[in-house]
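Student: I have a new structure in front of me. Can we go through how its descriptions are justified?

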There are 2 protein chains.
Amino acid sequence: MKCSRCKEPAFVKIKRHNASFCESCFELFFSRQVEGAIKRYQMFGKEEKILLGASGGKDSMALWHYLQHAGYTVQAIHFDLGIGEHSSISRQIVEEFAQAHCFSLLVISVKDLLGGTIPELAKKARHRSTCSFCGLVKRYLLNRFAFEKGFTVYATGHNLDDEAATLLGNVLHWQTGYLTHQSPSLPSPHPKMLRKVKPFYTLTEEEIRIYVKLKNLPFVEDRCPLSHRAKSLDYKEVLQLLEEKSPGTKHAFLFGFLEKAKPLFPAENIVLQECQICGMPTTQTTCSFCKIMQKVRAKEENSCTS
Amino acid sequence: MKCSRCKEPAFVKIKRHNASFCESCFELFFSRQVEGAIKRYQMFGKEEKILLGASGGKDSMALWHYLQHAGYTVQAIHFDLGIGEHSSISRQIVEEFAQAHCFSLLVISVKDLLGGTIPELAKKARHRSTCSFCGLVKRYLLNRFAFEKGFTVYATGHNLDDEAATLLGNVLHWQTGYLTHQSPSLPSPHPKMLRKVKPFYTLTEEEIRIYVKLKNLPFVEDRCPLSHRAKSLDYKEVLQLLEEKSPGTKHAFLFGFLEKAKPLFPAENIVLQECQICGMPTTQTTCSFCKIMQKVRAKEENSCTS
């Protein structure tokens, strides 16, 4: 197998592009994909300070490594969610990685900040799903931190498989509101909220795995132990089945949506006001975060007095 | 297990409706589904003469049986495609069924009419795919026959699984033109073309299988031997995987599309004119059927002179 570009021996075949690459040409392919995505959606420039979500998974570690080495200015942020060993290992990996490379990292411990781990708080708030509770808390803390520190753009390692799976879920239920918002670059709906970008949206999980191996990057292999029932995994599974029978399926599905279908879904007219308690943007009088924290505090007071 | 309706012993459980039925209540459920579909889309009335596509498969046999017994006026039409044993068995089944029940059936033999079976003609025409060639020939012969005999509506046995699989294929490739046209009732785009309706679009393959078993209807179990590579089978397979994990997925996917998403896809402005050779509607000067038949005839003449 020869490299499609330089004809030297190839070490990897990218089926959906019908191409094989040697190590250095794979790096070039990878870099072109990311830079193309950044440019296409005007995600950020080299002068901008990018807030990067570093979960410790392979995608975020690859994005962190790539952006730093490509000369972007990155501030990584990691949430220690307190979900048992999974969280402690994830935190250790990102902390050691940052230290070894002198990368800038901020760790937000949910327990330190809110007085309980995600599972503990979700239980106290009697929230219907720990996953959606966790998402809500992370989004809130992220926006508040970013606003206080003056960040405007947040980059995550979401890849083509993630995006295609989310799209499939939204399409299977025709969640037109979510379809309107599904984009590799989501503009900020309010001055106190971040613009969200996904520079890896054109790269598959497999391609990112190759990059991670090539660069010998540490990462947490295991998924969050609470996500075992996540439907997105079912969607990934069926898309992978279709991809194997017809390479390029995921790519065509996501790119076709962005080009042809997304413009047809009308933008929702969401009016945001500032939460009466914390001042962060919300569609209600009190934001969802403050509401759940009120429930948590009420539960804590009840436990103390009873 | 008790019947959800009459509390007598049930013989079947319909997961997606969270209901169990005895035989007579299943029949009622089945009938209500079909009559609801006919009414919702104003498919046809009891005074109208319905042309029904009878392939010999379970769906068309069930539809034929249902419509006849529900008091509709049906003229069944069967295409003998000349695809080996599959075609001869299918023909025999529909002919014997029509005779046994005194149902009106017309058989169109492609070989008798065009001088060759579908595989023979497709080969002579050097068509890229026998399946698409077969579809083209059947659609043409159907519309021509219907126009000559004064039929206006054509009913087929397409079920919820078929429709959801077609939808998934169209969505995976964002074929916006096809999405505009996907409907349980497709209006006639030209006076020489049929209105097409699918009275079974709310019923799953499994539910139709139960009806067929209950009524002891004969049918061809095997798929067309040439359809082994059909992508629709892959789409059915992955939808079934998702359905098993989350009953109601197919229903929500198809119905959500029809209600929420289909209206967003703009109607295509297709101008139809009459073919200069046969007079049937086409977007070109000569219709696709006449073009392929010209190729077939040219090939036959070459074979005779060489």
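**The core**

Tutor: Start with the largest nonpolar core, which has 113 residues. Inside this core, A:L52 and B:L52 have the most contacts. Keep in mind that this is a predicted model.

Student: What makes a set of residues a nonpolar core?

Tutor: The residues must be buried and of a nonpolar kind such as Leu, and they must be joined through C-beta atoms within 7 Å. Buried calls for 20 or more other C-beta atoms within 10 Å. A:L52 belongs to the core, so A:L52 meets the burial cut-off.

Student: Which residues is A:L52 in contact with, leaving aside its neighbours within four places in sequence?

Tutor: They are A:L63, A:W64, A:L67, A:V74, A:Q75, A:A76, A:I77 and A:A155.

**The chain**

Student: What does chain A contain in helices and strands?

Tutor: Chain A has 12 helices and 10 strands.

Student: Why is chain A called as compact as a globular protein of that length?

Tutor: Set the value against the rule. The radius of gyration is 20 Å, and the globule rule gives 19 Å for 306 residues. The two are close, so the description holds.

Student: How much of chain A counts as buried?

Tutor: Of its 306 residues, 37% do.

Student: What share of the contacts in chain A with a separation of 6 or more comes from residues 24 or more positions apart?

Tutor: That share is 66%.

**The two copies**

Student: Why is the relation of chain A to chain B that of a two-fold axis?

Tutor: Two copies of a chain are related by a rotation about an axis and a shift along it. Here the turn is 180° and the shift along the axis is 0.0 Å. Chain A then lies on chain B with an RMSD of 0.0 Å. That is the relation of a two-fold axis.

Student: How do you know that the same surface serves both copies?

Tutor: In chain B, 100% of the contact residues of chain A recur.

Student: How many residues does each chain bring to the contact?

Tutor: Chain A gives 19 residues and chain B gives 19 residues. On the chain A side, helix 11 gives the most, with seven residues. By class, that side has 12 nonpolar, four polar and three charged residues.

**The domains**

Student: Where do the domains of chain A lie?

Tutor: The domain assignment gives domain 1 (32-221 + 230-268) and domain 2 (271-306). Their C-alpha centres are 26 Å apart.

Student: What makes these domains of chain A count as touching?

Tutor: Contact needs C-beta atoms within 7 Å. By that test, 14 residues of domain 1 are in contact with 10 residues of domain 2. Helix 6 of chain A supplies the largest share of the domain 1 side, five residues.

Notes:
Residues are numbered from 1 along each chain as its sequence is written. Chains are lettered from A and ligands numbered from 1 in the order in which they are written. This is a predicted model: local features need pLDDT of at least 70, side-chain atom pairs count only at pLDDT 80 or more; totals for chains, interfaces and linings use all residues. Helices (H or I, at least four residues) and strands (E, at least two) are DSSP runs, numbered from the N terminus. The radius of gyration is taken over C-alpha atoms; the globule rule is 2.2 Å times the number of residues to the power 0.38. A residue is buried if 20 or more other C-beta atoms lie within 10 Å of its own, exposed if 12 or fewer, and partly exposed in between; C-beta atoms are placed from the backbone. Two residues are in contact if their C-beta atoms, placed from the backbone, lie within 7 Å. Ala, Val, Leu, Ile, Met, Phe, Trp, Tyr, Cys and Pro count as nonpolar, Asp, Glu, Lys and Arg as charged, and the others, Gly among them, as polar. Copies are superposed by least squares on the C-alpha atoms of residues with pLDDT of at least 70 in both. Domain bounds come from an automatic or database domain assignment.
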